[in-house]
Amino acid sequence: WLSQTQRFAHRLAFLSRREICQFPAARMRLIQFQSPSSGGPRIGVEESDGGNVIDLNAFNPQLPRYMRAFLEGGDTALETAKRALEAGQHVISRSHVTLLSPITGPDKVICVGMNYVDHCLEQNVPIPKEPIIFSKFPSCIVGPSDDIVLPAESQEVDWEVELAFVIGKKGKHIKEDQAMAHVAGFTVAHDVSARDWQMRRRSEEH
């Protein structure tokens, strides 16, 4: 059964390390996509918000075809994407592109529950004094146009819009003022939960 699904928006908005601490407008919108002739997932960058797509794997066939591996390429891979955007070659019409989740196969999906006051009031629960951390399986990630399978066990499937950060650099014991240097970019997540199952388990624990 499926109790929770994380549907991700199609774009991974990337910020350079210098920009990321100041939260300016994103400079690149990276995507994973398929097209009738792509032969599987590929990495691309949008020419504009919602515009045509530059095929990064056509620009440089040495680049990985999955976002996680692409981001692991660090600054070298990102500089290649910037050059492709500036060159304006290997453009695919948006109508020929099927958008996939911007990133697939992460090691983990870490979530922060009850992270704003209105949500706590809506569910009639105390405002937490420290972050409520939980995780999801990477297999729960689906693309923006994929079906969300509703669990037969639930009669109260609910959804929330979340801001998702994609971690691009590993680290431990990271200081607060250095945290954003580990963020590759961000996207929008559509978080789906089985509320009745969730609340029943919560009441059983207490």
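1. Helices (H or I, at least four residues) and strands (E, at least two) are taken here as DSSP runs, numbered from the N terminus. This is a predicted model, so keep the confidence rules in mind: local features need pLDDT of at least 70, side-chain atom pairs count only at pLDDT 80 or more, and totals for chains, interfaces and linings use all residues. Residue numbers start from 1 along each chain as its sequence is written, and side-chain values use heavy atoms, with hydrogens and water left out.

2. Let's start with helix α4, which runs over residues 74–87. Its 14 residues reach 20 Å from first C-alpha to last, close to the 20 Å expected at 1.5 Å a residue (the expected span being 1.5 Å times one less than the number of residues). Just after α4, G88 has a positive phi of about 65°.

3. Which residues of α4 are buried? They are A77, L78, T80, A81 and A84, where buried means under 20% relative accessible area, exposed over 50% and partly exposed in between (1.4 Å probe, protein chains only). These buried residues cover an arc of only 150° around the axis, which puts them on the same side of α4; the arc is that of the directions from the helix axis to the C-beta atoms. On the other side, T76 and E86 are exposed.

4. Now the packing. A nonpolar core here is a set of buried Ala, Val, Leu, Ile, Met, Phe, Trp, Tyr and Cys residues joined through side-chain atoms within 4.5 Å. The largest one has 17 residues, with L30, L56, M67, F70 and L71 making the most contacts inside it. β3 (28–34), β4 (42–46), α3 (67–72) and α4 each supply at least two residues of this core, and α4 gives the most, with four.

5. L56 is worth a click: its contacts (heavy atoms within 4.5 Å) include I43, V45, L63, A81 and A84, leaving aside residues up to four places away in sequence. Apart from the largest core lies another, of seven residues, among them F8, V109, C111 and A189.

6. On the strand side, β11 (residues 157–167) and β12 pair in the antiparallel sense over 11 bridges; pairing requires that DSSP finds at least two bridges between two strands. V157 has A194 in β12 as its bridge partner. β12 (residues 183–194) is mostly covered, with nine of its 12 residues buried.

7. How many disulfides are there? Zero, counting a disulfide as a pair of cysteine sulfur atoms within 2.5 Å. The sulfur of C140 is 7.3 Å from the closest cysteine sulfur, in C111, so too far for a bond. C140 is buried at 6% relative accessible area, and C120 is buried at 0%.
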